[in-house]
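Q: Please take a close look at one part of this model. I would like to know how it is divided, what it touches, and which local details deserve attention.

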Amino acid sequence: MPDIQSPPALLDPVEMRKARMVRNEKIGRWVLPILVMALTIFAWDRFCVINEVPHYIIPRPGIVLAALIEDWPLLMSSLGTTLTITFSALAVAIIGGVGLAVLFAQSKWIEMSFFPYAVILQVTPIIVIAPLIFIYVDSKFAGLLICAWIVAFFPILSNTTLGLKSADHNLVDMMSLYGASRWQTLRFLRLPAALPYFLGGLKIAGGLSLIGAIVAEFVAGTGGVGSGLAFRILEASYRLNIPRMFAAILLISLTGVLIFMFMTFLSWLFLHKWHESAIKREH
Amino acid sequence: MSNTNLLSLKDIGKTFSNGTVALQGMSMDIEQGSFVSLLGPSGCGKSTALKIIAGLGNLTTGSLKWPDTRVDHLGRPDHEISFVFQEPTLMQWATVFENVWLPLRLKGTSRKAATAQVSEALGMVGLADFATSYPRELSGGMKMRVSIARALITRPKLLLMDEPFAALDEITRFKLNNDLLELWQKFNWTVIFVTHSVFESAYLSNRIVVMAARPGRVVADIAVTSPYPRRGDDHRSSPEYNETCREASEALHAAMKAGDHM
């Protein structure tokens, strides 16, 4: 018979293993991506050295870093231009997307009439519309903004529309029982119910507005005042300044990742108290 | 207690656009202060009847009258009606406080002005300490209590309940049954309680209206004479209770047979 006086273990072996797993996962979440990244950069460097790849074809990581530092002021001002377009487009996409979604939620007829246009805008590649836009719109900034907006607004519109419709039917009934106005139902019920959907759309739209801005800059070309990152990449490619191209691409990717991380944080901020998607589960 | 009628249904019928006859020729008077259960198999139109009374659905035929009550141009009474659904039907994004505050908020009452009333309502359902919790942090029974607190905050004259405790475990259900009866007696509400449980209807109500399906209609109207307060197991083992259960059960079986399904 086991000694019942012995102090009980705090955790049984299965739970201990679980706790260890959780701890390792926490560390792994950061260490693994960094490790893989470091290995990739190392492999890239070795590849260039072993195969004696000239730096005007594939520059070694060190050269890219040097270009990044050397061209820092130039690249930063270009990044500023691109970011201005990106965030302006995102802001307009949020206002336009949510506004249209609210309008759609008010009337099925409006939705039926206009939703097809939203789909057409979404499925037609921006690269083929952009040249037309730059012909019709005089201001280059406005042209870039329109292009980035077209790319970014659809996920916000379609997600928010879905969200506004997904409010609990019984709650809708209850609102009408208590004599709530249309505006009150929207404010107290439909908009909060749509928030998780909207934030999901925003996560996609954030990245898309950057892509939209870059693509539009490419189409707008090297003429005029455009000096965004895409312009720098085009310019550098004409001069075979490959390290600068790499440096600019690096900046674009990094910006995209930061935007995504910010949107993820925003989702967490608004949802962690109540929405299933953002709640940590205790097993 | 006066025995005037709060509302009177006359020959009510409801046919949905797909041709389903949800209700046919339903007539009944609901006495002020009574606790009426609508008992019947699923599809007998009991929820439809409740929604019509709440003003959430139109009638196809017949009339719904509120004697002794002023009505607006839509025929809705000027007193408060509250509705408790089978699901707690809470706003997940709002705290318990905000959920209970909602009916007052819709009438323009500020958070500050509503605080005393909300606290009182939460106290009555035993959730005084949970004002700042979110619905997901509560158990099923507690969520239902929030739903009841929200229903009673407007001090309604008529409380409509659509199988409110059907999804709860038996212990929680018994507890909530007793709490509901206590609140009913305290506030002198009129309650219309939809259920498919013979035992629940016999325990709670002073009148059981048994309905049959296809088409939804009233097939029996049973007066329950056992006095209140009815206390838990004592009452559940009393001969009157058992007699009521037997009577309601037989009526329900007859109703099931009358409906063309099992």
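A: What follows is a walk through chain B, from its domains to its partner and then to single residues. The model is predicted.

Start with the division of the chain. The domain assignment splits chain B into two domains. Domain 1 is written in two segments, 5-79 and 157-258. Domain 2 covers 89-156. Between the C-alpha centres of domain 1 and domain 2 of chain B the distance is 25 Å. Their contact draws 15 residues from domain 1 of chain B and 10 residues from domain 2 of chain B.

How much area do domain 1 and domain 2 of chain B bury between them? The value is about 1000 Å². Carbon and sulfur atoms carry 74% of that area.

Next come the charged and polar pairs. One salt bridge is counted between domain 1 and domain 2 of chain B. Asp179(B) and Arg145(B) meet through their side chains in a salt bridge, with 2.9 Å from N to O. That distance counts as a salt bridge because the cut-off is 4 Å. Polar contacts between domain 1 and domain 2 of chain B number two residue pairs, with both residues at pLDDT 80 or more.

Which elements build the domain 1 side? In chain B, β6 (158-162) and α5 (170-187) each supply at least two residues to the side of domain 1 that touches domain 2. Helix α5(B) provides the largest share of that side, seven residues. By class, the side of domain 1 of chain B that touches domain 2 of chain B holds 10 nonpolar, one polar and four charged residues.

Domain 2 offers a buried residue to inspect. Asn99(B) sits in helix α2 (residues 96-105) of chain B. Its relative accessible area is 0%, so Asn99(B) is buried. Setting aside residues up to four places away in sequence, Asn99(B) touches Leu90(B), Met91(B), Ala94(B), Pro135(B), Val146(B) and Arg150(B).

Phe199(B) gives the opposite reading. It lies in helix α6 (residues 198-204) of chain B. Phe199(B) counts as exposed because its relative accessibility is 54%, and the cut-off for exposed is over 50%. Apart from neighbours within four places in sequence, Phe199(B) is in contact with Tyr241(B) and Cys245(B). Phe199(B) and Thr244(B) stand 45 residues apart in sequence. In space, their C-alpha atoms are 8.8 Å apart.

Now the backbone. Where are the cis peptide bonds? One runs from Arg214(B) to Pro215(B), with omega near -5°. Pro215(B) is in the loop between β8 (207-212) and β9 (217-223) of chain B. Arg214(B) is in the loop between β8 and β9 of chain B as well. Phi of Arg214(B) is positive, near 50°, in a residue other than glycine. Another cis peptide bond joins Tyr228(B) and Pro229(B), with omega about -5°. Pro229(B) is placed in the loop between β9 and α7 (232-236) of chain B.

Last, the partner chain. The contact between the chains takes 24 residues from chain B and 19 residues from chain A. Chain A and chain B bury about 2100 Å² between them, and 67% of that lies on carbon and sulfur atoms. On the chain A side, Leu177(A), Tyr178(A) and Trp274(A) lose the most area to chain B. Together they make up 35% of what that side buries.

What links the chains by charge? The rule finds one salt bridge across the interface of chain A and chain B. Lys51(B) and Asp173(A) meet in a salt bridge through their side chains, at 3.2 Å from N to O. Three residue pairs are in polar contact across the interface of chain A and chain B, both residues at pLDDT 80 or more.

Two helices of chain A, α7 (169-177) and α8 (182-220), each supply at least two residues of the side that touches chain B. Helix α7(A) gives the most to that side, with seven residues. By class, the side of chain A that touches chain B has 12 nonpolar, three polar and four charged residues.

Notes. Residues numbered from 1 in each chain as written. Chains lettered and ligands numbered in written order. Predicted model: local features only at pLDDT ≥ 70, side-chain atom pairs only at ≥ 80, totals over all residues. Heavy atoms only, no water. Contact = heavy atoms within 4.5 Å. Buried area = accessible area lost by both parts, 1.4 Å probe. Polar contact = N/O pair within 3.5 Å; in protein donor to acceptor, adjacent residues only side chain to side chain. Helix = DSSP H or I, 4+ residues; strand = E, 2+ residues; numbered from the N terminus. Nonpolar A, V, L, I, M, F, W, Y, C, P; charged D, E, K, R; others polar. Domains from an automatic or database assignment. Buried < 20%, exposed > 50% of the residue type's maximum accessible area, 1.4 Å probe, protein only.
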